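Start with the ligand and work outward to the empty spaces. Keep the structure in view as you read.

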Amino acid sequence: MDLYDYNTVNRILSKHGFTFSKALGQNFLIDPNVCPEMAYELNADKKTGVIEVGPGIGVLTKELCKVAGKVVAIELDKRLFPVLDETLGEFENLQIVEGDVLKLNLKELIEDKFSDMESVKVCANLPYYITSPVIMSLLESKLPIDEIVVMVQKEAAERFCAEIGSRESGAVTVAVNYFATAEMLFEVKKDCFMPSPKVDSAVMRLRLREKPPVEVENEKRFFAVIKAAFSQRRKTALNCLSNGLSLPKEKVSSALNSIGLSEKSRAENFTMEQFAELSKLL
Ligand code: SAM
């Protein structure tokens with residue numbers, strides 16, 4: 001069955017009475033090159049367990065099943081289950097799990113499904129309405145995964161993969177870099193999808209670090225400082241931190257000065273070390 005053929009896909013979907021849900025970010029890949037390329041970039045083998053978020057009709061899932069030992073695909077939309085039965089029924093190393101990826105206990109899922117695998121990775125064409133929450137929750141929950149290869153909106157990928165200290169960087173750049181190294185892999189044009197989204201996409205790789213690059217006493221505080229510092233793009237870090245953390249300006253100003261930063265400095269110019277220092281001082 002050719003899942004990249006527009007007519008075949010239309011026929012299967014209408015047979016099951018399926019209509020696309022915009023709210024669930026349902027833009028299915030229809031280009032034959034993207035999924036094999038993503039599966040290749042994941043570096044999976046028969047000892048790798050892969051979690052896929054949102055299989056849709058199973059285009060990427062199929063490629064993952066070919067290269068990995070086991071695939072667990074988490075899908076929120078129950079209407080896709082009979083479709084997936086038809087498109088992926090042949091794969092014995094696949095399990096479809098019903099649920100919201102943001103609500104499932106992924107630690108338990110990994111222990112339960114992948115105890116016989118040597119490594120666990122995540123691969124997905126993410127529903128765009130939950131890109132950052134999914135990525136941050138995968139990273140923050142300290143799951144035993146070593147690599148994430150995901151497609152997100154191009155602009156979001158550029159932010160995730162930006163250099164810390166560059167104009168493109170944001171709170172999410174620093175937060176992701178604390179847990180992982182981020183690498184842009186390739187772009188995907190909007191006409192590779194059915195239906196076409198409004199913007200282009202990109203595939204990126206996050207390699208989880210064994211140890212964060214800076215020592216942080218209180219991670220919650222560290223992330224609160226980063227979030228506050230980037231909260232208002234055109235304002236100085238002094239104003240952002242004082243407003244965002246409800247702290248007197250004098251306190252913030254003396255913390256900035258003590259690590260060699262001026263009152264006029266902006267968050268996009270800070271290093272990861274400076275954020276770590278600030279989280280200790282504030
Ligand atoms: N992997 C398919 C592809 O590349 O063609 C579909 C990708 S589509 C962009 C996103 C998929 O995620 C849809 O199948 C959608 O139903 C599913 N989805 C949306 N929200 C979800 C959630 N919270 N948890 C799990 N799956 C979700």
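In this predicted model, a nitrogen atom of the ligand lies 3.5 Å from a polar backbone atom of Leu76. Two side chains also make polar contacts. Asn125 places a polar side-chain atom 2.9 Å from an oxygen atom of the ligand. Tyr129 has a side-chain N or O atom 2.8 Å from a nitrogen atom of the ligand. How much of the ligand does the protein cover? On its own, the ligand has 590 Å² of accessible area, and the protein covers 99% of that.

Now look at the shell. There are 23 residues around the ligand. Those that come nearest are Leu29, Gly54, Glu75, Asn125 and Tyr129. Asn125 and Tyr129 are thus named here as well as in the polar contacts. Two strands each give at least two residues to this shell: S1, residues 28-29, and S3, residues 70-75. By class, twelve shell residues are nonpolar, seven are polar and four are charged.

Next, take the protein atoms alone. Rolling a probe the size of a water molecule over the atoms shows where empty space is left. The ligand occupies the largest pocket. That pocket holds about 660 Å³ of space. Its lining has 37 residues, and Leu24, Gly25, Gln26, Asn27 and Pro127 are the closest to its centre. Which elements each supply at least two residues of this lining? S1 and S3 do, along with strand S2 (48-53) and helix H3 (59-67). The lining divides into 22 nonpolar, ten polar and five charged residues.

Move on to the second largest pocket. Its volume is about 200 Å³. The lining consists of Ser132, Gln153, Glu155, Ala156, Glu158, Arg159, Phe160, Glu168 and Val172. Helix H7, residues 154-160, gives the largest share, five residues. Four residues of this lining are charged, three are nonpolar and two are polar.

Finish with the enclosed space. How many cavities of 30 Å³ or more does a search of the whole structure find? The search finds one. The volume of the largest cavity is about 40 Å³. Ala229, Phe230, Gln232, Arg233 and Lys235 line this cavity, together with Arg266, Ala267 and Glu268. Its lining has four charged residues, three nonpolar and one polar.

Conventions
Residues numbered from 1 in each chain as written. Predicted model: local features only at pLDDT ≥ 70, side-chain atom pairs only at ≥ 80, totals over all residues. Heavy atoms only, no water. Near = heavy atom within 4 Å. Polar contact = N/O pair within 3.5 Å; in protein donor to acceptor, adjacent residues only side chain to side chain. Areas by Shrake-Rupley, 256 points an atom, 1.4 Å probe, with all protein chains shown as cover. 1 Å grid on protein atoms, 1.4 Å probe; cavity = no way out; pocket = protein on both sides within 12 Å on 5 of 7 lines; lining within 4 Å. Sits in = over half its atoms within 2 Å of the grid points. Helix = DSSP H or I, 4+ residues; strand = E, 2+ residues; numbered from the N terminus. Nonpolar A, V, L, I, M, F, W, Y, C, P; charged D, E, K, R; others polar. Points joined across faces, edges and corners; volume = space filled by probe spheres on them.
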